[in-house]
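Work through the following exercises with the sequence and the structure at hand. Attempt each task before reading its solution.

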Amino acid sequence: MSLRVYNTLGKKIEEFKPLSGMKVGFYGCGPTVYNYAHIGNLRAYVFQDILTRTLSFLGYDVTHVMNITDVGHLSGDNDEGEDKMVKSAKERGKSVMQIADYYTKAFFTDTERLNILKPTIVCKATDHIPEMIALIKRLEERGHTYFSEGNLYYDISTFPDYGKMAGFTLDELKAGARVAIDKNKKNPHDFVLWFTQSKFENQALLWDSPWGKGYPGWHIECSAMSMKYLGEQFEIHSGGIDHIRIHHTNEIAQSEGATGKPWVKYWMHNEFLVMNKGKMSKSSGEFITLQAVIDKGFDPIDYRFLLLGGHYRSQLTFSWEAMETAKNARKSLQQRIENLKSGIENLSLIEEKISASDAEKLLRNSPALPYFESFVQALEDDLSTPRAISEMQQLIKDKTISAEDRLKTLSIFDQIFGLNLFEKSESNSNKQESAMDEQSILTLIQERTDAKNAKNYQRADEIRDELRTKGIILEDTPKGTVWKRI
Ligand code: AMP
Ligand code: ZN
């Protein structure tokens, strides 16, 4: 058995070998908590979850770190525009901290609903300003920075490998410079490490630093926090493909610039979830939250199932029809499992977490073993969840294998899939019923208020209509929105 993964660094499939022993340090870029996550963002976290579950299953001792960005992320990843947190707080008439708390909670509600395991360490940018300052000082000492008009910049010309992972060179960058010219920068692709001259007024959170009172650029948090928790060199870093060109390129320049050593061994990037009309993003109108999926009558796990049916490196087009198909396929799996279960008196499922090698020992004399082996091979082949799912679907139908053996093996598979396959169908419909409890209604009302504040009236109207179909009427009063059941 051996795991192979696609490494964006070398742009090829490589055998996975930790730096030493079986320990794996894994840093996954987390959310910027200025709004709800959309289901495209959530694809990135389902991918992180499948990766950590697979690594643990294969016997690795994984430390999974995820950051929460609550400062410094501007609307454009290249230091353009306004700080996303400040903009959101202004629009909603709240403080930055209130916004961060609210959307951090909403994020973890969503990840829990998707059965995504909590990372080993979740760290907030605003709790790590001293670590960021210390790292910037190291960069300064090694000659990678310059100060201009109140901001401290990273000078990319001091890092010859800049752009290597993204596949461009410094010369190519110069030739094709398309970014807006910022007169304070020596090179248009230099980026801010520390802002003291805010480009906009009322930056809410400011910290003292050797360069003056200010706040950090976005990229430095990931270098500082990953190295704090995982050391100066670690195994895996992940994020969506949109991060390769700027965010991760800058993270590498910072971390390797400061230590003088290679930083991350494997870079793994998930492809996008797209709509028919193109990329799903918070700035375009195509913004679907998990709550909206639930309100259409789906279980969040139907969405997880939809995602697992595609390979993480392939683009996936979202549609409500695809959701219907995923829902029906999952229901039918559950029904088949119910049918297999009936008539078995002492059902022995594998409920405790099991490793692949123990599972193999357990199944050694079982006719289900070839399915298990193919399932493991699929995962080891750069996490091919579509193939692993297909193994499950074939196993479940294979009448040459006893119901007990099939169920036992499926219960092992579901430790990776996290599809709650052994939950009774009724409990799922109960979950949907309770989706319209008071908390869900209040969450939707808040989402509608946010949509209105962001002038996204289409989404606001959609929410009102969705609630109406569930017998909830909204009334906007000077004191806010009130609701009643009809
Ligand atoms: P953000 O909160 O914007 O920093 O994004 C959180 C994560 O979602 C990042 O890893 C992004 O690369 C990823 N992401 C953003 N949009 C999509 C999408 N449409 N499909 C898949 N991943 C996405
Ligand atoms: Zn990051």
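The exercises below concern a predicted model.

**Exercise 1. The length of a helix**

Task: Determine what span helix α12 should have, and compare the expected span with the distance between its end C-alpha atoms.

Solution. Step one: helix α12 covers residues 369–380, which makes 12 residues. Step two: the expected span is 1.5 Å times one less than the number of residues, which gives 16 Å for α12. Step three: the end C-alpha atoms of α12 are 16 Å apart, in agreement with the expected value.

**Exercise 2. The surroundings of the helix**

Task: Identify the buried residues of α12 and the elements against which they pack.

Solution. Step one: a residue counts as buried under 20% relative accessible area. In α12, the buried residues are L369, Y371, F372, F375, V376, A378, L379 and E380. Step two: these buried residues pack against strand β1 (4–7) and against the helices α1 (39–57), α11 (356–362), α13 (385–397) and α14 (403–417).

**Exercise 3. Positive phi angles**

Task: Examine the backbone at D382, L383 and K455, and state whether L383 and K455 are buried or exposed.

Solution. Step one: most residues other than glycine have a negative phi. Step two: D382, just after α12, takes a positive phi of about 55 degrees. L383 is not a glycine either, yet has a positive phi of about 55 degrees; this residue lies in the loop between α12 and α13. Step three: K455, again not a glycine, has a positive phi of about 60 degrees and lies in the loop between α16 (438–453) and α17 (457–469). Step four: L383 is buried, because its relative accessible area is 2%, whereas K455 is exposed, because its relative accessible area is 61%.

**Exercise 4. The zinc site**

Task: Name the protein donors of the zinc ion (ligand 2), describe the geometry of the site, and explain which parts of the chain C29 and H247 tie together.

Solution. Step one: the donors are C29 (SG), C222 (SG), H247 (NE2) and E251 (OE), at 2.1 to 2.5 Å from the zinc ion. Step two: the angles among the four donor atoms run from 73 to 132 degrees, and the site is irregular. Step three: along the chain, the donors follow the spacing C-x192-C-x24-H-x3-E. Step four: C29 belongs to the loop between β3 (23–28) and α1, while H247 belongs to helix α7 (residues 244–259), so the pair joins parts that are 218 residues apart in sequence. Both C29 and H247 are buried.

**Exercise 5. The surroundings of ligand 1**

Task: State which residues come nearest to ligand 1 and give its polar distances to G40, N41 and N270.

Solution. Step one: there are 16 residues around ligand 1, of which G40, Y45, G240, D242 and L273 come nearest. Step two: a polar backbone atom of G40 is 3.1 Å from a nitrogen atom of the ligand. Step three: an N or O atom in the side chain of N41 is 3.2 Å from an oxygen atom of ligand 1. Step four: an N or O atom in the side chain of N270 is 3.3 Å from a nitrogen atom of ligand 1.

**Exercise 6. Two residues and their contacts**

Task: Classify D302 and V122 by accessibility and list their contacts, leaving out residues up to four places away in sequence.

Solution. Step one: D302, in helix α9 (residues 300–308), is buried, because its relative accessible area is 2%. D302 touches M323, A326, K327 and R330. Step two: V122, in strand β5 (residues 121–124), counts as partly exposed at 34% relative accessibility. V122 touches M66, I68 and F108.

Notes. Residues numbered from 1 in each chain as written. Chains lettered and ligands numbered in written order. Predicted model: local features only at pLDDT ≥ 70, side-chain atom pairs only at ≥ 80, totals over all residues. Heavy atoms only, no water. Helix = DSSP H or I, 4+ residues; strand = E, 2+ residues; numbered from the N terminus. Buried < 20%, exposed > 50% of the residue type's maximum accessible area, 1.4 Å probe, protein only. Contact = heavy atoms within 4.5 Å. Donors = N, O, S within 2.8 Å, 3.2 Å for Na, K, Ca; no water. Tetrahedral: all angles 85-135°; square planar, octahedral: opposite > 155°, others 65-115°. Near = heavy atom within 4 Å. Polar contact = N/O pair within 3.5 Å; in protein donor to acceptor, adjacent residues only side chain to side chain.
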